[in-house]
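Please read the following report alongside the sequence and the coordinates. It takes up the sheet, two buried serines and the spaces enclosed by the fold in turn.

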Amino acid sequence: MLKLLNPGPVSLTQRVRDSLLKPDLCHREPEFFQMQRRIRDGLTAVYSCPPEYASVLLTGSGTAAVEAMVGSLVAPDQGPALVVANGVYGERMAAMLRRHGKPFELVSSAWTEALDLAGVSRAIASCSCVLAVHHETTTGRLNDLGRLGTLCREAGRPLLLDAVSSFGGTEIEFENWNVLACAATANKCLHGVPGISFVVARRQALQAPGHSPSLYLDLQNYYALQEKDGSPFTQAVQACYGLDEALAELEQAGGWQARCRLYQQRTRQVEEGLIERGIQPFLAEGRSHILGSYRLPPGLSYEQLHDRLKEAGFVIYAGQGGLSNEMFRIAVMGDLSGQDLERLLAAFPAP
Ligand SMILES: *Cc1c(COP(=O)(O)O)cnc(C)c1O
């Protein structure tokens, strides 16, 4: 079986794969609602969130959760939202606000740069809330949310976070960073299967009147029904089986802290091995332990490298937008061993 080094969906553990074959289940039966409760509680337990936070489960990919969060929690009439972007996913939240007809201000940096915190300082007072990406998968940069969160806390502005590629794999300081909500998915750092995504948010916001322009992605509606052990629409039952198992596996393995250490070890192995082969990291600083971007070796196109590695059993990922001719990406999420990564490195051209 190919090993997936793309940023989700990830290679499954046998345990999660086996869980998909549990008995057929109707999403309006008590057995489903028990699982829904266990998953919702399990998600907030990953970060020991205080009881003011709750999670809402959605059937859809990570983008569905981000759009449900942006659509339902950003008011159209309380001043502009502030989007802080340094990659595709930050810019996508701005595109959502544009599509929803909500005013926003965009403080953007080049994709190779850190978040523009000076720009945030200037704009934050006149904005209603702040939207940012935690781990910008475009380049593999872990954005400095310690500093952004402090700005949000000091200005009294809620932070809405796209944590799609960080939830479960690194720290999220819900209270310190003034996080009102964060959106994520089952099939990245949590090692579940695609189909289920979720938003962890303050109950206060989930109980307040919502702003969703979409009927399907109305977070407050999901929350109200899920709190009463209901579900507005058909859930991806088998993807819930997978997430339920993946959360148990994460907890037994030592939680996000252990997963973070594991990813750090894997990324060190990949980065050191590639540097030995003359391949340099694309970012000079700010590199995450979840996904690395690397400069293409001279004389090799992305397609050639991709096909060569696929032949050896690995799926890597292309650069996005203007970066597709310059770099490639390797994510270290999912079921991978040190030997897998040695085999990967051996499949690169010799220096
Ligand atoms: C993967 C990803 C998304 C989108 O997730 P989909 O499941 O492809 O919809 C959004 N934001 C970030 C940071 C991501 O890495």
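The sections below describe a predicted model.

## The sheet and its edges

Seven strands form an open sheet in the order 2-10-9-8-5-3-4, and the pairing within this sheet is mixed. Its edges are strand 2, covering residues 53–59, and strand 4, covering residues 104–108, each of which pairs on one side only. From one strand to the next, the twist averages 20°.

At one of these edges, strand 2 runs antiparallel to strand 10 (residues 196–202), to which it is joined by seven bridges, and within this pairing Leu57 has Phe198 of strand 10 as its bridge partner. Helix 2, formed by residues 30–46, lies across both strand 2 and strand 10, and runs at about 125° to strand 2.

## Strand 5 and its neighbours

Strand 5 (residues 130–133) has parallel partners in strand 3 (residues 81–85), through three bridges, and in strand 8, through four bridges. In the pairing with strand 3, Leu82 stands opposite Val130 of strand 5, while in the pairing with strand 8 the bridge partner of Leu131 is Leu160.

In a regular strand, the side chains alternate between the two faces of the sheet. Strand 5 can be read in this light, with Val130 and Ala132 pointing one way and Leu131 and Val133 the other way, and all of them are buried.

## Two buried serines

Ser166 is found in the loop between strand 8 (159–162) and strand 9 (179–185). Why does Ser166 count as buried? Ser166 counts as buried because its relative accessible area is 0%, whereas the cut-off for a buried residue is under 20%. When neighbours within four places in sequence are left aside, Ser166 is in contact with Tyr47, His134, His135, Cys189 and Ile290.

Ser72, by contrast in its setting, has its place in helix 3, and it counts as buried because its relative accessibility is 0%. Not counting residues up to four places away in sequence, Ser72 touches Glu67, Gly210, His211, Ser212, Leu217, Asp218, Leu219 and Gln220. The C-alpha atom of Ser72 is also separated by 9.7 Å from that of Asn221, although these two residues are 149 residues apart along the chain.

## The largest pocket

The largest pocket holds about 320 Å³ of space. Its lining is made up of 22 residues, of which Thr63, Tyr89, Arg92, Val164 and Lys188 are the closest to its centre. Two elements, helix 3 (62–73) and helix 4 (88–100), give two or more residues to this lining, and helix 4 gives the most, with four residues.

By residue type, the lining of the largest pocket divides into ten nonpolar, nine polar and three charged residues.

## The cavity

Rolling a probe the size of a water molecule over the atoms shows where empty space is left. The structure holds one cavity of 30 Å³ or more, and the space in the largest cavity comes to about 40 Å³. The residues that line the largest cavity include Thr139, Gly140, Thr267, Glu271, Phe282 and Arg287, and Leu291, Gly292, Ser293 and Tyr294 are also among them.

Helix 10 (255–276) and strand 11 (291–295) each supply at least two residues of this lining, with strand 11 giving the most, at four residues. The lining of the largest cavity divides into four nonpolar, six polar and two charged residues.

Notes. Residues numbered from 1 in each chain as written. Predicted model: local features only at pLDDT ≥ 70, side-chain atom pairs only at ≥ 80, totals over all residues. Heavy atoms only, no water. Pairing = 2+ DSSP bridges. Axes fitted to C-alpha atoms, helices over the stretch in contact; angles between N-to-C directions. Contact = heavy atoms within 4.5 Å. 1 Å grid on protein atoms, 1.4 Å probe; cavity = no way out; pocket = protein on both sides within 12 Å on 5 of 7 lines; lining within 4 Å. Points joined across faces, edges and corners; volume = space filled by probe spheres on them. Nonpolar A, V, L, I, M, F, W, Y, C, P; charged D, E, K, R; others polar. Buried < 20%, exposed > 50% of the residue type's maximum accessible area, 1.4 Å probe, protein only.
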